[in-house]
Amino acid sequence: MRTLLNLIWLVLGGIWLAAAYFVAGIIACLLIITIPVGLASFRMARYVLWPFGSVVVKKPNAGAGSTIMNIIWFITVGWILVVIHVITALTQAVTIVGIANAVVSIMMIPVTAFPFGKDVLDKDDPRAAYQTSLVQWR
């Protein structure tokens, strides 16, 4: 089922979102200081390309460095990618099949805006099960 959902996602906007992240990553890697932003953008491109079956969890050791990088990310490319997610969600919501994809696109916005201090894991990964169980108990 994940594969079918991912294929529908890919056709209805995932490829364009991933391309936007990839371009943002290339632009960010042009400057040496923003290479971590570019690497995060490439990581997010992989997640946005094939999101079903993945889970985003908070890194337990994320600290002030993640906060600073999130600020740099949001100022440089994060806000543009958030706008692209909103536009994609609006266009996906036009069709009945696309409504579920629009919801997924909107749910990705917090990770899009602030990706540092988070990991994208496969749902079958034991670390993902452990991290999501911690979130449920908090």
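Start with the side chain of N6: in this predicted model, one of its polar atoms sits 2.8 Å from the backbone nitrogen of F52. N6 itself belongs to helix α1, which covers residues 2-30. If you set aside residues up to four places away in sequence, N6 touches W50, P51 and F52. So F52 turns up twice here, once through its backbone nitrogen and once in that list of touching residues.

Is N6 buried or exposed? It has a relative accessible area of 1%, and the cut-off for buried is under 20%, so N6 counts as buried.

Now move along to W73, which you'll find in helix α3, residues 64-92. W73 is buried too, because its relative accessible area is 0% and anything under 20% qualifies. What does W73 touch, leaving out residues up to four places away in sequence? Quite a list: Y21, V37, A40 and S41 come before it in the numbering, and G78, L81, T112, A113, F114, P115 and F116 come after. For a sense of how the chain comes back on itself here, take P36: P36 and W73 are 37 residues apart along the chain, yet their C-alpha atoms are separated by 9.2 Å.

Contacts between distant parts of the sequence also show up across the whole chain. Taking the contacts with a separation of 6 or more, 76% are between residues 24 or more positions apart.

Next, have a look at the largest pocket, with its volume of about 320 Å³. It is lined by 13 residues, and the closest to its centre are Y47, S54, V55, V56 and M107. Which elements each supply at least two residues of that lining? They are β1 (54-58) and α4 (96-107). Of the elements, β1 gives the most, with three residues. As for chemistry, the lining divides into nine nonpolar residues, three polar ones and one charged.

Finally, step back to the chain as a whole. Its secondary structure comes to six helices and two strands, and reading from the N terminus the order is α-α-β-α-α-α-β-α. The chain has 138 residues, and 39% of them count as buried; N6 and W73 are both buried residues. On the outside, the accessible surface comes to about 8,200 Å², and carbon and sulfur atoms account for 76% of that surface.

Conventions. Residues numbered from 1 in each chain as written. Predicted model: local features only at pLDDT ≥ 70, side-chain atom pairs only at ≥ 80, totals over all residues. Heavy atoms only, no water. 1 Å grid on protein atoms, 1.4 Å probe; cavity = no way out; pocket = protein on both sides within 12 Å on 5 of 7 lines; lining within 4 Å. Points joined across faces, edges and corners; volume = space filled by probe spheres on them. Helix = DSSP H or I, 4+ residues; strand = E, 2+ residues; numbered from the N terminus. Nonpolar A, V, L, I, M, F, W, Y, C, P; charged D, E, K, R; others polar. Buried < 20%, exposed > 50% of the residue type's maximum accessible area, 1.4 Å probe, protein only. Polar contact = N/O pair within 3.5 Å; in protein donor to acceptor, adjacent residues only side chain to side chain. Contact = heavy atoms within 4.5 Å. Areas by Shrake-Rupley, 256 points an atom, 1.4 Å probe, with all protein chains shown as cover.
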